[in-house]
Amino acid sequence: MTAPPKKAFPLRLDPALYAAIERSAAGDLRSVNAQVEYLLREALGRRGVKVAVSDQPKRGRPPTKPEDE
C-alpha cells in the first residue's frame, strides 16, 4: 500500500525567515521542507489542533525471503 502523495503548493517567505528555517533545519538534520512541516505541526499542536500523521512508505530494501520458501 502506498501513501498518498503530499500536497504541493507555492509558498513565499521573507528571505530572513527562510534563512532562519534553513539554519534550524540544519541543526535538526532535516530538509527545509521537513522543518517547515515539523514547525507547522508543532504550532498547531500548541493551539490544540490534532493532526494525524499519514503512513510513510517504508524505505530501504525489502526483507529477504528465507531459503525454505
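Buried means under 20% relative accessible area, exposed means over 50%, and partly exposed lies in between (1.4 Å probe, protein chains only). This is a predicted model, in which local features need pLDDT of at least 70 and side-chain atom pairs count only at pLDDT 80 or more, while totals for chains, interfaces and linings use all residues. Residues are numbered from 1 along each chain as its sequence is written, and side-chain values use heavy atoms, with hydrogens and water left out.

**The whole chain**

Start with everything shown in cartoon style. The protein has 2 helices and 0 strands; these are DSSP runs, numbered from the N terminus (helices are H or I, at least four residues; strands are E, at least two). Of the 69 residues in the protein, 7% are buried. Switch on the surface: its accessible area is about 6,900 Å², and 57% of that belongs to carbon and sulfur atoms. Such areas come from the Shrake-Rupley method with a 1.4 Å probe, and for residues only the protein chains shown count as cover.

**Before and along H1**

Select Phe9, Leu11, Leu13, Leu17 and Tyr18, which make a nonpolar surface patch of about 480 Å². A patch is made of residues with over 30% relative accessible area and no salt bridge; like charges are joined within 9 Å and nonpolar side chains (Val, Leu, Ile, Met, Phe, Trp, Tyr) within 5 Å. Within this patch, pick out Leu13, found in the segment before H1. Leu13 counts as partly exposed because its relative accessibility is 31%.

Next select Ala20, which is in helix H1. With a relative accessibility of 32%, Ala20 is partly exposed. Add Val32 and draw a distance between the two C-alpha atoms: Ala20 and Val32 are 10.0 Å apart in space and 12 residues apart in sequence.

**The loop between the helices**

Select Leu29, in the loop between H1 and H2. Leu29 has a positive phi of about 55°, although it is not a glycine. Its relative accessibility is 80%, so Leu29 counts as exposed.

Now show the side chains of Asp28 and Arg30. The two form a salt bridge, with their closest N and O atoms 3.0 Å apart. A salt bridge here is a side-chain nitrogen of Lys or Arg within 4 Å of a carboxyl oxygen of Asp or Glu, and by this rule the count comes to 4. Asp28 is partly exposed, at 41% relative accessible area, and Arg30 is partly exposed as well, at 31%.

**Helix H2 and its buried face**

Select residues 32–46, the 15 residues of helix H2. The expected span of a helix is 1.5 Å times one less than its number of residues. For H2 this gives 21 Å, which agrees with the 21 Å between its end C-alpha atoms.

Which residues of H2 are buried? They are Val32, Gln35 and Val36. Look down the axis of H2: the buried residues fall within an arc of 100°, so they line one face of the helix. The arc is that of the directions from the helix axis to the C-beta atoms. Helix H1 (15–27) is included in what covers these buried residues, where contact means heavy atoms within 4.5 Å.

**Salt bridges along H2**

Show Glu37 and Arg41. Their closest N and O atoms are 3.4 Å apart, in a salt bridge. Both residues lie in helix H2, 4 residues apart, which is about one turn of the helix. An α-helix has 3.6 residues a turn, so residues three or four places apart point the same way. Arg41 is partly exposed at 30% relative accessibility, and Glu37 is partly exposed at 28%.

Move on to Glu42 and Arg46, which form a salt bridge with the closest N and O atoms 3.3 Å apart. This pair also lies in helix H2, again 4 residues apart, about one turn. Glu42 counts as partly exposed at 33% relative accessibility, whereas Arg46 is exposed at 65%. Then add Lys6 to the view: salt bridges that share partners join Lys6, Glu37 and Arg41 into one network.

**Last stop**

Select Gly48, just after H2, where phi is positive at about 85°.
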